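Trainee: Could we go through this structure together, slowly, one topic at a time?
Mentor: Yes, please open it and ask whatever comes to mind.

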Amino acid sequence: MDLSKYNVRSIFSSALGIVILSLGISINKGSVLGMDTYTGMNTTVSTYFDMSLGNYQLVLNIILLLSMFVFGRYLLGLGTVLNMVFVGYLVDFFLKLFDGTILSFDVEKSIWVRLILLIAGTIILCLGASLYMTADLGVAPYDALAIMMSDHIKGLPFSIARIITDVICVIVGLIFGTVLGSYAFGTIIGIGTVLTAFGTGPFIDFFNKTISAWIVGKNQMVETKQKEA
């Protein structure tokens with residue numbers, strides 16, 4: 001663990017990113033057009049077993065965390081703990097806050113409103129992910145899974161490993177959400193799932209170079225290193 005990365009700005013950025021990320025995930029659920037692969041899967045499974053998302057996701061994250069201690073200690077950090085503990089509970093909090101409003105999953109909305117919510121939620125999600133990633137204080141347990149697979153399975157690139165983990169989440173989400181559960185097809189695992197899996201890169205990259213870099217102070221660090229050189 002590189003302790004030199006830990007300062008007020010990086011810790012604040014990581015914590016703020018977790019809150020904003022959770023807000024974006026919650027808005028995406030309210031769009032009724034699909035959530036990101038991991039939270040979508042956890043939403044369907046937790047609903048099926050009558051658990052809160054926060055409790056179920058924490059249990060699963062602890063299991064994944066154990067694998068990190070064995071195969072990916074270099075990926076651990078404060079950000080790992082913040083993500084694994086708080087995202088699920090924050091999503092639960094925002095969903096309760098949205099209850100009865102147009103942001104609620106259960107409130108009827110036109111397809112145009114749902115599309116607007118999906119786009120807005122995805123952009124907000126990307127900002128949160130960017131702040132969390134730019135702080136560079138550890139990798140979330142689910143994100144670490146594909147990295148560890150790529151690092152320890154010869155010939156398996158990260159991109160393929162990530163597709164494998166995402167596809168597994170989609171399959172499990174469909175089984176527990178639509179086949180065994182009560183969620184209509186496309187409401188939890190849907191076009192929003194595809195959008196967050198493949199369409200978030202440009203937005204995160206934009207925020208990495210603008211808002212996140214400013215909050216974390218990475219632009220200043222680069223300038224300082226250039227002056228020292």
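Trainee: To start somewhere, is tyrosine 38 buried or exposed?
Mentor: Tyrosine 38 counts as buried because its relative accessibility is 9%, where buried means under 20% relative accessible area, exposed over 50% and partly exposed in between, with a 1.4 Å probe and protein chains only. Keep in mind that this is a predicted model, in which local features need pLDDT of at least 70 and side-chain atom pairs count only at pLDDT 80 or more, while totals for chains, interfaces and linings use all residues. Residues are numbered from 1 along each chain as its sequence is written, and side-chain values use heavy atoms, with hydrogens and water left out.

Trainee: How many aromatic pairs does the structure hold?
Mentor: There are eight aromatic pairs, a pair being rings of Phe, Tyr and Trp (its six-membered ring) with centres within 6.5 Å, called stacked if the planes are under 30 degrees apart, edge-to-face if over 60 and tilted for the rest. The rings of tyrosine 38 and tyrosine 142 are stacked, because their centres are 4.4 Å apart and their planes are at 10°.

Trainee: And which helices do those two tyrosines lie in?
Mentor: Tyrosine 38 lies in helix H2 and tyrosine 142 in helix H6 (residues 141-152), so the pair ties together parts that are 104 residues apart in sequence. Helices here are DSSP runs of H or I with at least four residues, strands are runs of E with at least two, and both are numbered from the N terminus. Tyrosine 142 counts as buried, at 6% relative accessibility.

Trainee: Changing topic, which residues touch the most other members in the largest nonpolar core?
Mentor: Of its 29 residues, these are Ile18, Leu21, Ile25, Val87 and Ile188; a nonpolar core is a set of buried Ala, Val, Leu, Ile, Met, Phe, Trp, Tyr and Cys residues joined through side-chain atoms within 4.5 Å. The elements giving two or more residues to this core are helices H1 (8-31), H4 (78-98), H5 (111-135) and H9 (201-209), and H5 gives the most, with seven residues.

Trainee: What is isoleucine 18 in contact with?
Mentor: Leaving aside neighbours within four places in sequence, isoleucine 18 is in contact (heavy atoms within 4.5 Å) with Leu82, Asn83, Phe86, Val87, Leu90 and Tyr132.

Trainee: Last one: where is valine 32 found?
Mentor: Valine 32 is found in the loop between H1 and helix H2 (37-48), and it has a positive phi of about 60° although it is not a glycine. Most residues other than glycine have a negative phi.
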